[in-house]
Amino acid sequence: MRNSPEMPEPISSPNFWIEPLASEVDLDGVLHVEAESFTNPWTREMYAWELQNRNVCHIYVVRTADDPVAAFCAFWLVFDEIHINNVAVLPQLRGHGIGTNLLQHVFMEARRLGAKRATLEVRASNQAALRLYERLGFYVAGTRKHYYSKPVEDALILWRDDH
């Protein structure tokens, strides 16, 4: 997964920084961002199960001076692919480049770990997320009917390939 000309390397910002999930306190922050972002958020038990297999499951958090977890991205590394399970930014911080920088950081880390492709699912109605993912080089590869609940909705399956 190389950077395309329109996708610069992640920048460091004095306003936020990105680190691997480090503690139970971080997990509390992830759960808070989940609850603020999704109608059917993952539970502590779901994340605890994920974290039992740290060679496959990776979680990065974005920190700000005011928010110990302002955003996060959880992904699985499976052979030469990553599957982004969840990515979210606190609603009041969206639109400031945090999600873009977080995903660029995840792509760099995934490349370091040997990944060549990335995939994720997104609600078909989530136009803001679709625009972000398309800017980052994702394309629609398929649909999962009735994938989401609360409300029931199709998921678009997106992929991002190494060029």
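**The main pocket and the aromatic contacts**

In this predicted model, 38 residues line the largest pocket, and those nearest its centre are F38, V87, N126, A129 and Y133. The volume of this pocket comes to about 1,100 Å³. Strand β4 (81-89) is one of the elements that supply at least two lining residues each, along with α1 (24-37), α3 (98-112), β5 (117-123), α4 (127-135) and β6 (139-148). The biggest share comes from β4, which puts seven residues into the lining. Sorted by class, the lining of the largest pocket holds 19 nonpolar residues, 13 polar ones and six charged ones.

As for ring-ring contacts, the count of aromatic pairs is six. One of them is Y47 with F72, an edge-to-face pair with 6.2 Å from centre to centre and 80° between the planes. This pair links distant parts of the chain, with Y47 in helix α2 (residues 44-51) and F72 in strand β3 (residues 71-78), 25 residues apart. Y47 has 0% relative accessibility, so Y47 counts as buried, and F72 is likewise buried with a relative accessible area of 0%. Together with W42, Y47 and F72 make up one aromatic cluster.

Then there is F107 with F138: the ring centres are 5.9 Å apart and the planes meet at 50°, so this pair is tilted. Because F107 sits in helix α3 and F138 in the loop between α4 and β6, the pair ties together parts 31 residues apart in sequence. Both F107 and F138 are buried.

Charges turn up over rings as well. R160 lies over the face of F107, 4.0 Å from the ring centre, while the charged end of R117 sits over the ring of W159, at 3.8 Å from its centre.

Key
Residues are numbered from 1 along each chain as its sequence is written. This is a predicted model: local features need pLDDT of at least 70, side-chain atom pairs count only at pLDDT 80 or more; totals for chains, interfaces and linings use all residues. Side-chain values use heavy atoms; hydrogens and water are left out. On a 1 Å grid over the protein atoms alone, a cavity is a set of points where a 1.4 Å probe fits but cannot get out, and a pocket is an open set with protein on both sides within 12 Å along at least five of seven lines; lining residues have an atom within 4 Å of a point. Grid points are joined across faces, edges and corners, and a volume is the space filled by probe spheres set on the points. Helices (H or I, at least four residues) and strands (E, at least two) are DSSP runs, numbered from the N terminus. Ala, Val, Leu, Ile, Met, Phe, Trp, Tyr, Cys and Pro count as nonpolar, Asp, Glu, Lys and Arg as charged, and the others, Gly among them, as polar. Rings of Phe, Tyr and Trp (its six-membered ring) pair if their centres lie within 6.5 Å; planes under 30 degrees apart count as stacked, over 60 as edge-to-face and the rest as tilted. Buried means under 20% relative accessible area, exposed over 50%, partly exposed in between (1.4 Å probe, protein chains only). A charge sits over a ring if NZ of Lys or CZ of Arg is within 6 Å of the ring centre and within 35 degrees of the ring normal.
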